Amino acid sequence: MALPVEEWRLCAARRWAALEPALREGLPAASLHDTLRLGCGLLRPEAEAAVLRRLCRRAPVGKEPAAARFYREEGNRLFGRRQYGAAVRLYSQVALPSPQAASHEFPDSPEVSVCFANRSAALFHLGRFEVCLEDIARAESHGYPDRLLPKVLLRKAECLLCLGRLQDAASALSTVENKIAMDGIMSSPAHQTLLKKLSQLKLKIHEKESCPQPAQAACGDIQRKSEIWEENDNISGASSSLSLNFDMERGRHLVASEDIQPGQKLLKEEAFVSVLCPGESCLLQDNSETAWDTRVTNADLYCHRCLRQLLASVPCRGCSYAKYCSQNCADVAWEQYHRTECSLGALLLTLGVFCHVALRTVLLVGFAEVSRLVEGSHDNDKDLHNPEARCKHPSEAPDTRTGTRGIPGCNDNGQYQSSYQAVFNLLPHAEKHSPEHKFLCTLSVVAICKQLQEAGLEAAVLNQESSEKCSKPEPCEKTAGELSPEMKIMAEAMLRHVLQLQCNAQAITVMHESGSGDGAVVNKKPVRLATAFFPVLSLLNHSCCPNISVSFSGTAATVRASQPILSGQEIFHCYGPHRCRMRVAERQQHLSQYFFECRCQACLDELESDVKSVVSMRNSFLCPSCRASMQGEDMLCCSNGACATSVSRESLSCRLQDLQQQIKKALELLKDRKADQAIKMLLKCQMDAGNFLSPEHLLMGEMEDHLAQVYATLGKWQEAARHLKRSIEIVEVHHGPSSVEIGHELFKLAQILFNGFAVSEALSTIQRAEKILSVHCGPQSTQIQELQEMKTCLLELPRSILQRT
C-alpha cells in the first residue's frame with residue numbers, strides 16, 4: 001500500500017475542506033519549504049493525531065505472550081500434519097523476545113529457546129541441515145531446558161552426519177553420552193528411544209568412516225556463461241554503450257552510444273533505498289477479533305533488508321514485524337535505520353510505503369547531507385523567481401557543452417552516480433500534484449516527525465556527528481509539540497521524497513511460485529515485493545513498446561535490451577501500461593499519474609489509425625446469439641448485419657466478473673486437493689466463456705493454463721501439455737513470440753514435457769525457453785539454470801531411450 005489507509009485519507013480530506021480559502025488557494029503554488037511550514041501548524045493533537053493513534057492500534061507490531069502461544073500451537077498442529085514449511089513460518093512468529101526486552105539483544109528465555117528447537121525439527125525434515133544447526137545453536141544459547149537437551153543434541157549430530165562432518169557428529173554424540181551419564185539411569189520409553197537413536201547414529205558414523213564415499217560430481221553441473229560488461233565512466237552501474245543526454249522535451253534520458261544486441265546487459269544498480277511492501281493482513285479491520293493471522297505475506301517470506309527469500313527468519317528484537325535472513329542483516333538494519341523505525345512500526349504501516357521510503361531515505365543519508373541539499377534547494381527556489389538567474393537553473397537549462405556537467409544529479413565531475421544527490425534531484429512535480437494530495441502528504445510527514453520527536457528519537461535521527469558538521473538554522477524558541485528547526489529540514493526532505501515517489505518509485509518484483517500440488521510443475525507470476533529508489537533506472541523514459549527488460553535479484557535491478565537498439569536511439573522502459581495489455585485510451589488514463597501525455601510510437605500509431613485496436617479486438621465480447629463480435633461503447637450491437645442483438649457492456653462485464661469468481665472457486669478446489677471437481681468447474685467455465693468471449697481473450701488463455709495445472713497435479717502430462725500449448729498460443733497473440741510472458745509459459749511446458757518423459761519435444765521447448773528467458777533475465781537466472789539442469793538430465797539418458805522418444 002503506497003499511500004496511507006483510507007480512513008487517514010478521509011480525515012485529511014475533511015481537514016482540507018475546513019481550511020480557510022486563502023490557505024487552500026495558496027498551497028498549489030507554495031514551495032515545499034512553505035508547504036511544510038504550513039503543515040507543521042495544522043496537525044491537531046485532539047483531532048488528527050487522535051485518529052492516527054486509533055488507526056495504529058489496528059496494526060499491532062508489539063510482542064504478546066498470548067500470540068506466541070497461539071502461533072506455537074498452530075505450528076505444532078501443522079508439524080503433526082507434516083506441513084513442515086508452514087510450521088517453520090509459524091514457529092518464526094514465536095521466535096520473538098518478550099515486551100520486556102528493552103535492549104537489542106535477545107534475553108535468555110526457555111520459551112524462545114523451545115521455539116528455536118521446534119523450528120530446527122521442521123527444518124531437519126525439510127533437509128535444510130545448515131539452517132537447522134543455526135537454530136539448534138540459538139536454542140542452546142537462549143536457555144534451552146536441560147532435561148530436553150539430549151534430543152536436540154542428537155538432531156545436531158544427525159545434521160552433521162548428513163553434511164558429511166563425521167568428526168563433529170562424533171563429538172556431538174559424545175556430548176550426548178556424557179549428558180546421559182550425568183543424568184543417571186533412564187528407563188522411561190522416551191529415554192530408551194534416545195538411547196536407541198544414539199546407537200544408530202554411532203553405527204552410521206562408524207560405517208561412513210570405514211567406507212568413505214567417493215567424491216561425487218555435482219548433478220547437472222552447469223557451466224555458467226560470463227556476460228561481457230564494461231562499465232560506463234560517467235554513469236554508475238551502466239554499460240559503456242550508454243550515454244546520458246538532456247533536452248527540454250525529454251529531460252534526462254539514456255541513449256545508445258553504439259549498436260546494442262538483444263540480451264545485452266545495460267545496467268545493474270542496487271536500490272539506493274527499498275522498503276518491503278506489507279501484506280494485507282498487517283492492517284486489521286476494526287471488527288477483527290484477533291491480531292493473530294496465519295496467512296502468509298511478503299513480510300513473512302522475504303528479508304526486510306536485503307529482500308532475500310526467508311526460510312528461518314531472524315526477528316527484530318523490538319517489534320514483531322521486521323524479519324531478516326541473518327543476524328548480520330538484522331544488525332546492519334538496526335544500526336542504519338531500524339533503531340529509529342522500530343517503535344514507529346504501526347504508524348508507518350498506517351501511513352503507507354511512500355512515507356516509509358521517505359523516512360528510511362533520510363535516515364540512511366544523515367542530517368548533514370540532507371541539510372546541505374535542502375538548503376541548496378532554497379537557493380534554487382530564489383533563482384526561479386529571479387528573471388536573470390532563471391535560465392541558469394540546472395533543471396531548466398544545463399550546460400550541455402560540458403558533457404554531463406550541469407545536468408541535475410551529476411556531481412562536479414559530470415558523473416551521475418547512484419547517490420543521494422541523484423535521488424534528491426529526481427523531479428517531485430510539486431506544482432502538478434493536486435493540492436489535496438500535497439496536503440495529505442504534508443500532514444503524514446509531519447505526523448511521523450512529531451512522533452519521532454515526542455518519542456525522544458530526534459537525536460538518533462539527526463546524529464551528533466552530522467549535526468555538528470552542518471550549518472544549523474537560526475535557533476528559535478520551540479513551543480510544545482512544534483518541530484525543531486532541524487526536524488523541519490528532515491520533514492521537508494521527506495515531503496520531497498514522498499512527492500517524487502509518485503513518478504519515480506520503482507516496484508521491485510519477484511517471480512512468486514505456486515506449486516501444482518505435487519511440486520512437479522511450478523506456476524510463476526510476478527508480484528510486487530518492495531518499493532525503491534533507483535536513481536539511474538529512473539533516468540529511463542516511458543514507452544508503451546519498451547526496448548528493455550528489467551529483472552530483480554534481491555535489491556539489485558538488472559536492465560537488458562529486449563530487442564536490437566541502434567546507436568543514437570533512446571532506451572525506453574515501460575511504466576506499466578504496455579501496448580499488448582491495454583488500449584491506447586486506457587494507457588493514457590493510467591499514465592496521467594506521471595504528469596505527461598505519452599507520445600510514444602505505439603500510441604501515435606493507434607491514435608492516428610481509424611482501425612479498432614488489436615488489443616480491443618482480442619479481448620472483445622461476442623454476440624450471445626450468433627457469436628459475432630460486438631461493437632460499441634456503453635450499448636454493444638452485434639457486428640453481424642443479419643443479427644439484431646444488442647446488450648449493455650455493463651451486463652457482459654458482470655457476466656465476466658461472475659466467470660472470474662467461478663474460476664477462483666475452481667482454484668480453491670485444486671488447493672484443497674479436489675482436482676476432479678476443479679476440472680469439472682473449469683471445463684464448465686470454459687464452455688460459458690466461449691459463448692460471449694473472443695477465442696483469443698486473455699481469460700481463455702488463463703483457463704487453459706489452469707487446466708494444465710490441474711492435469712499436471714494428477715500426473716496426466718499429455719493432457720496438461722495440450723492445454724498449456726493452447727494457452728501459449730493465446731499468450732503469443734497478445735505479447736509476441738519473444739516476450740518474457742512466452743518465456744515463462746514455455747518454462748512450464750518444458751517442466752510438463754520433462755515429467756511426461758517426452759524427451760525430444762522437451763529438449764526443443766527447453767531450447768526455445770532458454771533463448772527467450774536469457775534475453776529478458778540473463779544466463780544466471782534461476783529459470784535458466786533449471787532449464788539447463790533438465791536438459792542435462794535428458795541428454796544423459798541411454799541412447800536407446802532417446803531414439804524411442
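Which residue is the bridge partner of Met635 in strand 15? Select Met635 and look across to strand 15: the partner is Ser648. Keep in mind on this tour that the model is predicted.

**Stop 1: the three-stranded sheet**

Stay where you are and widen the selection to strands 13, 14 and 15. They make an open sheet of 3 strands in the order 13-14-15, with antiparallel pairing. Strand 13 (630-631) and strand 15 (646-648) are the edge strands, each pairing on one side only. Strand 14 (residues 635-638) is joined to strand 15 by 3 bridges in the antiparallel sense. Now add residues 649-671, which are helix 26. Helix 26 lies across strand 14 and strand 15, and its direction makes an angle of about 70 degrees with strand 15.

**Stop 2: a hairpin**

Next, select residues 548-553 and 556-561, which are strand 10 and strand 11. The two pair in the antiparallel sense over 6 bridges. Show Ser553 and you will find Ala556 of strand 11 opposite. Strand 10 and strand 11 form a hairpin, with 2 residues between them. Pick out Gly554 in the turn, which has a positive phi of about 60 degrees.

**Stop 3: one side of helix 3**

Move to residues 32-40, helix 3, and show its buried residues: Leu32, Thr35, Leu36, Gly39 and Cys40. Why are they on the same side of helix 3? Look down the axis: these residues cover an arc of only 135 degrees around it, so they share one side of the helix. As a general rule, an α-helix has 3.6 residues a turn, so residues three or four places apart point the same way. To see what covers the buried residues of helix 3, add elements including helix 19 (435-454) and helix 22 (485-504).

**Stop 4: salt bridges**

There are 30 salt bridges in the whole structure, and three of them make good stops.

Begin with Glu48 and Arg44, whose closest N and O atoms are 2.8 Å apart in a salt bridge. Glu48 is buried at 2% relative accessibility, whereas Arg44 is partly exposed at 31%.

Now go to helix 8 (residues 129-141) and select Asp135 and Arg138. Their side chains meet in a salt bridge of 2.7 Å, N to O. The two residues are 3 apart in helix 8, so about one helical turn separates them. Are they buried or exposed? Asp135 is buried, with 0% relative accessibility, and Arg138 is buried too, with a relative accessible area of 17%. Add Arg119 and Glu134 to the view, and you have a network of salt bridges linking Arg119, Glu134, Asp135 and Arg138.

For the third pair, select Glu177 and Lys202, which form a salt bridge with the closest N and O atoms 2.9 Å apart. Glu177 lies in helix 10 (residues 166-183) and Lys202 in helix 11 (residues 189-210), so this pair ties together parts that are 25 residues apart in sequence. Glu177 is partly exposed at 32%, and Lys202 is partly exposed at 39%.

**Last stop: Asp705**

Finish in helix 28 (residues 698-713), where you will find Asp705. Asp705 is buried, with a relative accessible area of 10%. Show the side chain of Lys748 as well: a polar contact of 2.5 Å joins the side chains of Asp705 and Lys748.

Technical notes: Residues numbered from 1 in each chain as written. Predicted model: local features only at pLDDT ≥ 70, side-chain atom pairs only at ≥ 80, totals over all residues. Heavy atoms only, no water. Helix = DSSP H or I, 4+ residues; strand = E, 2+ residues; numbered from the N terminus. Buried < 20%, exposed > 50% of the residue type's maximum accessible area, 1.4 Å probe, protein only. Polar contact = N/O pair within 3.5 Å; in protein donor to acceptor, adjacent residues only side chain to side chain. Arc of directions from axis to C-beta. Contact = heavy atoms within 4.5 Å. Pairing = 2+ DSSP bridges. Salt bridge = Lys/Arg side-chain N within 4 Å of Asp/Glu carboxyl O. Axes fitted to C-alpha atoms, helices over the stretch in contact; angles between N-to-C directions.
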